[in-house]
2 protein chains.
Amino acid sequence: MQHKPIKGLAWDVGAISTAEWRGVRLSDVLAYCGVTNDTAAANKLQHIQFEGLDHDATTCYGASIPISVALNPNRDVLLAFEMNGEPLTRDHGFPVRAIVPGTVAARNVKWLGRIIASPNESQNHWQQRDYKSFSPEIDWHNVEWRSAPAIQEMPLQSAITSPGPNTKLAAKQGTSEIEITVRGYAWSGGGRNIARVDVSADDGLSWHTAELNPDAGANQPYNKAWAWTLWESTFVLPPAVAAAVAAKGETEVSLLCRAVDASYNSQPERGESIWNLRGVVNNAWHRVPIRVVASE
Amino acid sequence: MQHKPIKGLAWDVGAISTAEWRGVRLSDVLAYCGVTNDTAAANKLQHIQFEGLDHDATTCYGASIPISVALNPNRDVLLAFEMNGEPLTRDHGFPVRAIVPGTVAARNVKWLGRIIASPNESQNHWQQRDYKSFSPEIDWHNVEWRSAPAIQEMPLQSAITSPGPNTKLAAKQGTSEIEITVRGYAWSGGGRNIARVDVSADDGLSWHTAELNPDAGANQPYNKAWAWTLWESTFVLPPAVAAAVAAKGETEVSLLCRAVDASYNSQPERGESIWNLRGVVNNAWHRVPIRVVASE
């Protein structure tokens, strides 16, 4: 079993990427060990726990995923031993690691030492007392960790990767129409495909629907969009921008993107509304300020 | 195969419900007909089309679902012939209908006449030119129906069912703390469980985390939460409400709810940001205005 990477566009910003993983399906290994839908139901097994070989004197890194995800061959959970055609390096989890596509990185346990089928979630710190989100009312003095589920599938997110923050865009002198190209990525958890990306240069008063790159994520199989979808939008900045540049020589513009996934989930407008004490799953609309200047 | 209903709390408002469905798994019927993951891949079959027996001179009602959903026994797609222990009535799709849990009602085709495994989606009007959402920029004069996916899994939603709009809540005379109980439901598509519901009486400045009813949806299996989750929150209205009632005899309060699902998807704050020409998948925060009055 192999996960192919989605080749990226040239990147102007950032250091994230996709990779090609090769390994064995966890569902095949579990079947070999006698763990199937039937035996799991008979023994009330609900979670697959992973334990890493990285540990201090008292504990190791550990996490778990729902057994229905582990046993579902369509979810493509791998015990991976190769990355990009080479054996895993130490930093990437040699000799073997879990790859759980569509699921938060914290459950993709590296340096795998043990796999446990259990009625219970991993009791590890990072499963029980970290990587959870709460209401904005909850802070460190009143948090009840058990009240929220451990993050598994991630929510929908998108980001502008080009232009970068504070880029200067030079407008031709005297022009009344300043064109811009904005690029970025979008991704949703659980394999949900990206349905649409909207870009705005006027704080959401008007939107430009981006082109989704058919060679970089837009054509992934239904509910198996494990990799990002890259997008691009070229449009003319609002007339007020050209007017401000003509009058003052330069102006600031805030670029904004937001995505919609195939379940028609959307991203929250403001980070304030989803504030949470650990600062996780912040998927608010992404904003990048740029400067538009008159060219000499 | 049977889907059990989730019993509801007493309802003060509304006429929606859950039901118990009995039938055969579509995946078993497809296997009997030779349609499996392997034969589907070999024949490039990507969709299961349903045709209803309801038709006019030229066309019938029809829709399709991705074949990966139809073939996945965990998705519990049924060809149902009983509802709540009785044969289907005519209004509910006698003699047999599709039940596709977690998926928009439009694909739960009634009065089933034909099932087609195909490389293509249903070409029916309601699959191709309806039940899709677009950017707010798209209107009837510029819509390109092909540019958006047909709604399948629905996004996260929640609603306040009690108190109803414009309910009068009587505060005890002279009281400085006015307590209220707010109830409702929450639901997300694709079987995603409800993680949390927040309720506000001050336009989102502060939030009260609701109790999710363990007997009415809160304990559904992971990613198989086909039914709603009922919730309830009892809290003291903001001091400004009691002050306004003391000063003026009555005041208006806007109650607000929003849910979070197990993928940490959230609902959009404002309907304006997700406006679309067909008015579908509007899952903005739900608001209910009530009047708080001084009791005699």
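Begin in chain A of this predicted model by selecting strand E16 (250-261) and strand E17 (286-294), which are among the elements covering the buried residues of helix H5.

**Helix H5 of chain A**

Next, select H5 itself, residues 239-248 of chain A, and display the side chains of A:Val241, A:Ala242, A:Ala244 and A:Val245, the buried residues of this helix. Why do these residues lie on the same side of H5(A)? They cover an arc of only 160° around the axis, and therefore they share one side of the helix. Turn the view to the face pointing away from that buried side; there the exposed residues A:Pro239, A:Ala240, A:Ala246 and A:Ala247 appear. Then step past the end of the helix to A:Gly249, which follows H5(A) and has a positive phi, near 90°.

**A side-chain to backbone contact in chain A**

Move to A:Asn213, in the loop between strand E14 (211-212) and strand E15 (229-236) of chain A. Is A:Asn213 buried or exposed? Its relative accessible area is 17%, under the 20% limit, so A:Asn213 counts as buried. Add A:Asp215 to the selection: its backbone nitrogen is 2.8 Å from a polar atom of the A:Asn213 side chain.

**The interface of chains A and B**

Now show both chains and select the residues in contact between them: 42 from chain A and 42 from chain B. The area buried between chain A and chain B is about 3,300 Å², with carbon and sulfur atoms giving 43% of it. How many salt bridges does the rule find across this interface? There are 2. To view one of them, select A:Glu269 and B:Arg270, whose closest N and O atoms are 3.1 Å apart. Between the chains, 18 residue pairs are in polar contact, counting pairs with both residues at pLDDT 80 or more.

For the side of chain A that touches chain B, select helix H3 (67-71) and strand E12 (194-200) of chain A, each of which supplies at least two residues. E12(A) provides the largest share, 3 residues. Colouring this side of chain A by residue class gives 20 nonpolar, 12 polar and 10 charged residues.

**Backbone geometry in chain B**

The remaining stops are in chain B. As background, most peptide bonds are trans, and most residues other than glycine have a negative phi.

Select B:Phe94 and B:Pro95 first; the peptide bond joining them is cis, with omega near 5°. B:Pro95 is found in the loop between strand E6 (86-87) and strand E7 (97-99) of chain B. Continue to B:Ser162 and B:Pro163, where the peptide bond is cis, with omega near 5°. The loop that holds B:Pro163 runs between strand E9 (157-162) and strand E10 (168-171) of chain B.

Go on to B:Trp111, in the loop between E7 and strand E8 (112-118) of chain B. B:Trp111 is not a glycine, yet its phi is positive, about 50°. With a relative accessibility of 25%, B:Trp111 counts as partly exposed.

Finish at B:Val281, which is located in the loop between strand E16 (250-261) and strand E17 (286-294) of chain B. What is the sign of phi at B:Val281? The value is positive, about 40°, although B:Val281 is not a glycine. The relative accessibility of B:Val281 is 15%, and the residue therefore counts as buried.

Terms used:
Residues numbered from 1 in each chain as written. Chains lettered and ligands numbered in written order. Predicted model: local features only at pLDDT ≥ 70, side-chain atom pairs only at ≥ 80, totals over all residues. Heavy atoms only, no water. Buried < 20%, exposed > 50% of the residue type's maximum accessible area, 1.4 Å probe, protein only. Helix = DSSP H or I, 4+ residues; strand = E, 2+ residues; numbered from the N terminus. Arc of directions from axis to C-beta. Contact = heavy atoms within 4.5 Å. Buried area = accessible area lost by both parts, 1.4 Å probe. Salt bridge = Lys/Arg side-chain N within 4 Å of Asp/Glu carboxyl O. Polar contact = N/O pair within 3.5 Å; in protein donor to acceptor, adjacent residues only side chain to side chain. Nonpolar A, V, L, I, M, F, W, Y, C, P; charged D, E, K, R; others polar.
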